[in-house]
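Student: Pick one part of this model and give me a close look at it, please. I'd like the packing, the burial and whatever happens at the end of the element.

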Amino acid sequence: MLLIDGTNLLIRIQSACIKKDNHKAIFIRALLKMAHKFNDFEVYVAWDVTPSKYRLEIYPEYKKYKTWGADFVLNLRQQLMNDLHGKILPIAGVVSIMVA
């Protein structure tokens with residue numbers, strides 16, 4: 001079983017590929033590379049929908065200075081997450097889970 005932090009992977013892709021608009025294709029390609037590398041095609045992707053309430057309760061300073069990005073970037077990321085989670089990953093046989 002391969003468990004992927006989808007939010008982290010998507011943020012890394014967005015940061016590295018600022019001028020490209022094919023983030024979904026790059027995301028799928030990255031998943032396929034990982035599946036081949038580990039020879040495991042039972043893939044699960046988890047998405048962080050909100051900052052960790054659990055960690056904030058334990059340590060209120062957790063990521064205090066982290067900005068969650070400009071509204072445009074956040075809206076684009078949310079749209080990409082929704083498309084990948086609801087449309088694309090299920091077609092590829094990937095289990096996608098939204099974690100609040």
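Tutor: Let's go through helix H2, its partner H1 and the loop that follows.

First, some ground rules: this is a predicted model, so local features need pLDDT of at least 70 and side-chain atom pairs count only at pLDDT 80 or more, while totals for chains, interfaces and linings use all residues. Residues are numbered from 1 along each chain as its sequence is written, and side-chain values use heavy atoms, with hydrogens and water left out.

For context, the protein has 4 helices and 3 strands (DSSP runs, H or I of at least four residues for helices and E of at least two for strands, numbered from the N terminus). From the N terminus on, they run β-α-α-β-α-α-β.

H2 covers residues 23-38, and it packs against H1 (residues 6-16) at an angle of about 125 degrees, with the axes 10 Å apart. Those axes are lines fitted to C-alpha atoms, for helices over the stretch in contact, and the angles run from 0 to 180 degrees between N-to-C directions. H1 and H2 are therefore oblique to each other: under 35 degrees would be roughly parallel, over 145 roughly antiparallel, 65 to 115 roughly perpendicular, and the rest is oblique.

Who touches whom? On the H1 side, Gly6, Leu9, Leu10, Ile13 and Gln14 make the contact, and H2 answers with His23, Ile26, Phe27, Ala30, Leu31 and Met34 (contact means heavy atoms within 4.5 Å). An α-helix has 3.6 residues a turn, so residues three or four places apart point the same way.

Burial in H2 takes in His23, Ile26, Phe27, Ala30, Leu31 and Ala35, where buried means under 20% relative accessible area, exposed over 50%, and partly exposed in between (1.4 Å probe, protein chains only). Across the 100 residues of the protein, 28% count as buried.

The length of H2 checks out too: at 1.5 Å a residue its 16 residues should span 22 Å, and the end C-alpha atoms are 23 Å apart, which agrees. The expected span is 1.5 Å times one less than the number of residues.

Just past H2 comes Asn39, which isn't a glycine yet has a positive phi of about 50 degrees. Asn39 sits in the loop between H2 and strand E2 (43-48), and is exposed, at a relative accessible area of 65%.
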